[in-house]
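Here is a single-chain view to be read alongside a short exchange. The request concerns one part, and the answer goes on from there.

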Amino acid sequence: GLALLPLAVPPAAAPGGCPSACYCVATPELVQCRYERLEEPPRELPAAVQNLSITGSNLSILPRAAFASRPLRDLRLLRLRHDNIHTIEDMALQGLPALHTLDLSHNPLLSVAAGAFAGVPLLRTLQLNQALLAAPLEEQLALALRNLTLRRLELAGNALRALPSALLPAGLEELDLRNNSLQRLVAADLRSLDAPELRGLRLNLGANPLSCDCALRPFLAWLRSAGSRVLDARSLRCAGPPAQRGTPLLRLRPELLLCEGGEPGQLETASYVFFGIVLALIGIVFLMVLYLNRRGIKRWLHNLREACRDQMEGYHYRYEQDADPRCASAVGTP
């Protein structure tokens, strides 16, 4: 196996060797700085380093050109895990032109500048597992990722409740969403995944609390038609409701997926239908009553008309009497 060769010689005394707080594994191409509580990246690193891992430190802020104190033109993999990084400033990775993989997992990120990843045109893999829990960073990250050509993005363990569509650059090939808070992928998410620029994207969705109710049907249909795009499709299981808990998704029958209290909008639709039926029945009963009593109604209308005519004739007679001058003079004579 590979031997660990800790060197305690100060960097100034060992040009091109490992910094005193780090280890070189076999050759200077692999450098590990583990749990040394560094507050900034080591300034003296082997020029030929290709894999640099700094773990368990207190870097806090990655300033502009954080690793450019010495040219690292061959560095391809940079791991900065558990380093308490909360801020990444513009051009933080300047001077790493060959960087292919960046791991920022397990850091409480609070701020990511729009140009944080500028200067690393070959970056293809970005790992942000459990790094988005401290603050909502989707908008900031969307700006920071807009000019990258990522092929793999890891977002596991970030309590995400929806597909982060804004973080999916065109051409992305792998997306890790395991161990989040996804209950399902909704229709809008599925449309995003079926967009031409993401049709080659493959996902990992394991360890999410999938809710196997009626709202899961669109995702279930998509999963069956494009199952090869979900790498762990066969291991996906229901987290609820209790009757479905533990059931593999691919064994579900869509018609048996029910929602508590009925389908979304079903009760409202049923209410309108019932109200319409009641109104129709009332109308039918009213028409039947009219039809069955047509003679009586006709007689009643005739009598009403006669009564109105008699009343009008009485008013007309009294009007004529009041208008007759002879009657008026007779009334005025003592």
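What follows is one request and one connected answer.

Q: Please take a close look at the aromatic pair: which residues form it, and how far apart are they centre to centre? Then go on to the other local features.

A: This is a predicted model, in which local features need pLDDT of at least 70 and side-chain atom pairs count only at pLDDT 80 or more, while totals for chains, interfaces and linings use all residues. Residues are numbered from 1 along each chain as its sequence is written, and side-chain values use heavy atoms, with hydrogens and water left out.

A search of the whole structure turns up one aromatic pair. Phe-219 and Trp-222 form this pair, with 6.2 Å from centre to centre and 20 degrees between the planes, and the pair is stacked. Rings of Phe, Tyr and Trp (its six-membered ring) pair if their centres lie within 6.5 Å; planes under 30 degrees apart count as stacked, over 60 as edge-to-face and the rest as tilted. Both residues belong to helix H3 (residues 217-225), where they are three residues apart, about one turn of the helix. Helices (H or I, at least four residues) and strands (E, at least two) are DSSP runs, numbered from the N terminus. Phe-219 counts as buried because its relative accessibility is 1%; Trp-222 is buried too, with a relative accessible area of 7%. Buried means under 20% relative accessible area, exposed over 50% and partly exposed in between (1.4 Å probe, protein chains only).

The next feature is the largest pocket, with a volume of about 160 Å³. On a 1 Å grid over the protein atoms alone, a pocket is an open set of points with protein on both sides within 12 Å along at least five of seven lines, whereas a cavity is a set of points where a 1.4 Å probe fits but cannot get out; lining residues have an atom within 4 Å of a point. Grid points are joined across faces, edges and corners, and the volume is the space filled by probe spheres set on the points. The lining includes Leu-132, Ala-135, Pro-136, Glu-138 and Glu-139. By class, nine of the lining residues are nonpolar, none is polar and two are charged. Here Ala, Val, Leu, Ile, Met, Phe, Trp, Tyr, Cys and Pro count as nonpolar, Asp, Glu, Lys and Arg as charged, and the others, Gly among them, as polar. Ala-135 sits in the loop between strand S10 (125-127) and helix H1 (138-145). At 18% relative accessibility, Ala-135 counts as buried. Its C-alpha atom is 8.0 Å from that of Pro-108, although the two residues are 27 apart in sequence.

Now the backbone. Most residues other than glycine have a negative phi, and most peptide bonds are trans. The peptide bond from Gly-240 to Pro-241 is cis, with omega near -5 degrees. Pro-241 is in the loop between strand S15 (238-240) and helix H4 (266-292). Ser-60, not a glycine, has a positive phi of about 60 degrees; this residue is in the loop between strand S4 (51-55) and strand S5 (61-62). Ser-60 is buried, with a relative accessible area of 19%. Asn-84 has a positive phi as well, near 55 degrees, and is found in the loop between strand S6 (77-81) and strand S7 (87-88). At 35% relative accessible area, Asn-84 is partly exposed.

Strands S5 and S7 also belong to an open sheet of three strands, in the order S5-S7-S9 with parallel pairing. S5 and strand S9 (111-112) are the edge strands, each pairing on one side only. Two strands pair if DSSP finds at least two bridges between them. Two bridges link S7 and S9 in the parallel sense, and Thr-87 has Ser-111 in S9 as its bridge partner.

Strand S3 (residues 30-34) has a covered face with Val-31 and Cys-33, and an uncovered face with Leu-30, Gln-32 and Arg-34. In a regular strand the side chains alternate between the two faces of the sheet. S3 is joined to strand S2 (residues 23-25) by two bridges, running antiparallel, with Gln-32 in S3 as the bridge partner of Tyr-23. S3 and S4 pair in the parallel sense over five bridges; in S4, Ile-54 is the bridge partner of Cys-33.
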